[in-house]
Amino acid sequence: MDCDTGEQKAAPLQNLNDELQRSRSPLETVAEEAEGYQPILVTPCTEWKSYPLLVEDSTRLRLAPSLERALRYFFTHRGKNVTEISRSDLLIVLIYVIALETGLIPKGATLPSAIWSEKHHCYRSFDRRLVHHFATRLPMDWFRAGAGSYHFELELIHEKAIRSNLSCTVVAFCSGDLLIVNLLPYHGLSGFSTAIPISYHVPAVNADRLPFCYQYLQGLAVKVKNDLLIPFRNHVYRFIPTVSPSLQGIPPEVMLKVSAHLDSFSQRNVKLALNTTP
C-alpha cells in the first residue's frame, strides 16, 4: 500500500520535472512557428541537429517548419500543375523565407496585432511570430510574370520605417541555369547581387515530398544572407540611430574598447568605415 502511495506521489513530481525540462528548451521561441508544434523534451541526450530551426538547418529528410509551411502554401495556391512549375519559382519561395528570418516582409503588408504592439524595439534579428504569420502569406502575384522573371518589394520591420526609407526592390531573372538576384535599396547604394545555380539547389519539383525539392541549403541560405539581405540591413541601419549587428550599430563605448586592441592601420580602416556616409 505504501509502495502504491509512493508511486502516486512520484508521478506528479516526474510530470513537474518534465515541464521544467521543456521550459528550458531554447527552441520555444523559434520552433513554435510550426503548426502543431509539440514542446521538445530537453535531455542530456537531445540531438539538436535533428531539429531544423532556420532554412539553413534544413536537410533532404526534413525542412525547416517555416520553409515547409511556405512551400505548401505555394503549391496549394499556385494554380498550376506541378509539371508546369519552374524550379526558379521554388528558389523565390526560399529567398522569401530567408528574408523573413532576416526581418524583412512584403512591402505594405499588414503586421499582426501582436507584433505591431511591440514594434518599438531597438533591434530584433528574428521574430518567430513574424515568420509564422507571413510564411503562409506569400504574395502569389510575384509569380505571374512567368518566363523566369520576378520583381517584388520588401521592407525592414522597424519602429521608424515609413514604407520607403527601409524598403528595397528585388529583381530576379533566369540566365541559363542561373538565377540572377538583384536587391536594390530605396536610396543610398546601387544595390547587391548574387547568382544561384538553379538545378544544383532545386533538383526536382515535388509537391508530395517537399524535402526533395531542395538540397545544400546551408550554403545557399548563408550565401543569400551574406550577399543580399545582411548587407541591405546593415545599409539601412545607417539611417537609424540604434544598436544593430553591424559596424555602425556597435555602441561607441564598445568601439572604444575594440579600438584599443587594434593596430593603427586597422583603427584607420574602422574609422573610415564608421564615417562613410550612405
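These legends walk through several close-up views of a predicted model.

**View 1. The whole chain, before we zoom in.**
The protein chain has nine helices and five strands. Start at the N terminus and the elements run α-α-α-β-α-α-β-β-β-β-α-α-α-α. How much of the chain is buried? Buried residues account for 40% of its 278 residues. There is also plenty of long-distance joining up along the sequence: of the contacts between residues at least 6 apart in sequence, 59% link residues at least 24 apart.

**View 2. Helix α3 crosses helix α7.**
Two packed helices are described by the angle between their axes and the distance between the axes. Here we have α3, covering residues 87-102, and α7, covering residues 217-236. Their axes come within 10 Å and cross at roughly 55 degrees, so α3 and α7 are oblique to each other. Is the crossing left-handed or right-handed? It's a right-handed one, as α3 passes α7. Which residues make the contact? On the α3 side, look for Leu91, Leu94, Ile98, Ala99, Glu101 and Thr102. On the α7 side, find Leu217, Leu220, Ala221, Val224, Lys225, Leu229, Ile230 and Arg233.

**View 3. Four aromatic residues form one cluster.**
The structure holds six aromatic pairs, and a pair of rings like this is described by the distance of the centres and the angle of the planes. Take Phe74 and Phe75: their ring centres are 5.6 Å apart and their planes sit at 65 degrees, and since planes over 60 degrees apart count as edge-to-face, that is what this pair is. Phe74 is buried, at 0% relative accessibility. Phe75 is buried too, with a relative accessible area of 14%. Now for Phe143 and Tyr150: with ring centres 6.2 Å apart and planes at 80 degrees, this pair is edge-to-face. Are these two rings' residues buried or exposed? Phe143 has a relative accessible area of 2%, so it counts as buried, and Tyr150, at 3%, counts as buried as well. Put together, Phe74, Phe75, Phe143 and Tyr150 form one aromatic cluster.

**View 4. Cys174 and its surroundings in strand β3.**
Where does Cys174 sit? You'll find it in strand β3, which covers residues 167-175. Leave aside its neighbours within four places in sequence, and Cys174 is in contact with Ser88, Gly148, Leu179 and Ile198. Ser88 is a nice one to pick out: Cys174 and Ser88 are 86 residues apart along the chain, yet their C-alpha atoms are separated by 7.5 Å. With a relative accessibility of 30%, Cys174 counts as partly exposed.

**View 5. Two cysteines, and a count of disulfides.**
A disulfide is a covalent bond between the sulfur atoms of two cysteines. How many disulfides are there in this model? Using a cut-off of 2.5 Å between cysteine sulfur atoms, the count comes to zero. Two of the cysteines are worth a look for their surroundings: Cys213 is buried, at 0% relative accessibility, whereas Cys174 is partly exposed, at 30%.

**View 6. Tyr216 has a positive phi.**
Tyr216 lies in the loop between α6 (198-201) and α7. What is its phi? About 55 degrees, a positive value, although Tyr216 is not a glycine. Its relative accessible area is 49%, and because exposed means over 50%, Tyr216 counts as partly exposed.

Terms used
Residues are numbered from 1 along each chain as its sequence is written. This is a predicted model: local features need pLDDT of at least 70, side-chain atom pairs count only at pLDDT 80 or more; totals for chains, interfaces and linings use all residues. Side-chain values use heavy atoms; hydrogens and water are left out. Buried means under 20% relative accessible area, exposed over 50%, partly exposed in between (1.4 Å probe, protein chains only). Rings of Phe, Tyr and Trp (its six-membered ring) pair if their centres lie within 6.5 Å; planes under 30 degrees apart count as stacked, over 60 as edge-to-face and the rest as tilted. Axes are lines fitted to C-alpha atoms, for helices over the stretch in contact, and angles run from 0 to 180 degrees between N-to-C directions. Helices (H or I, at least four residues) and strands (E, at least two) are DSSP runs, numbered from the N terminus. Angles under 35 degrees count as roughly parallel, over 145 as roughly antiparallel, 65 to 115 as roughly perpendicular and the rest as oblique. A crossing is left-handed if the near helix is turned anticlockwise from the far one by less than a right angle, and right-handed if clockwise. Contact means heavy atoms within 4.5 Å.
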